Amino acid sequence: AVAEAWVRMSTEAFDGITNGQVHKGDVLRVAELAGIQGAKRTSDLIPLCHPIPLDSVEVILTPQDGSIHVHAAVSAHWRTGVEMEALAAVNAAALTVYDMVKAIDRSIMIDGVRLLQKSGGRSGDCVASPK
């Protein structure tokens, strides 16, 4: 499954992230780790979500046009899909960006959270329509 989110913020916060000047550390790397952890702990966060042995989790944060694009790809060979894990990953990463730069900008907005594609599971394959 593949999911995405956008973290929109002030120019000051964006510049702090891209110039490595955020007091708490390397925002993008910490958020990537948080996204991986979020995918692995999805069943602890979402009621009735089964724990799934994941084969891989990739979370990439990319500065783009004054925002941070969060992209997660999750895979598993299991009886159910891993769309919830991909969505949990992008949300955990986005929330981590917020947490690390909230001292600079408390008006940060997380939006555009969506499933881009998934395969497998009981409901079969799914590909999101373009925005």
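1. A good place to start is α1: what covers its buried residues includes α2, β2, β3 and α4. Here buried means under 20% relative accessible area and exposed over 50%, with a 1.4 Å probe and protein chains only; helices (H or I, at least four residues) and strands (E, at least two) are DSSP runs, numbered from the N terminus.

2. Please keep in mind that this is a predicted model, in which local features need pLDDT of at least 70 and side-chain atom pairs count only at pLDDT 80 or more, while totals for chains, interfaces and linings use all residues. Residues are numbered from 1 along each chain as its sequence is written, and side-chain values use heavy atoms, without hydrogens and water.

3. The buried residues of α1 are Ala-13, Phe-14, Gly-16 and Ile-17. Seen down the helix axis, they fall within an arc of 160° (taken from the directions from the axis to the C-beta atoms), so they line one face of α1. The face turned away from that buried side carries the exposed Thr-11 and Glu-12. Just after α1, Gly-20 has a positive phi of about 65°.

4. Ile-17 deserves a look of its own. Leaving out residues up to four places away in sequence, Ile-17 touches Met-9, Val-22, Val-27, Leu-28, Ile-68, Val-97 and Val-101, where contact means heavy atoms within 4.5 Å.

5. Now for the helix pair α2 and α4. These pack at an angle of about 145°, with axes 7 Å apart; the axes are lines fitted to C-alpha atoms over the stretch in contact, and angles run from 0 to 180 degrees between N-to-C directions. Among the residues that meet are Ala-31 and Gly-35 in α2, and Ala-92 and Thr-96 in α4.
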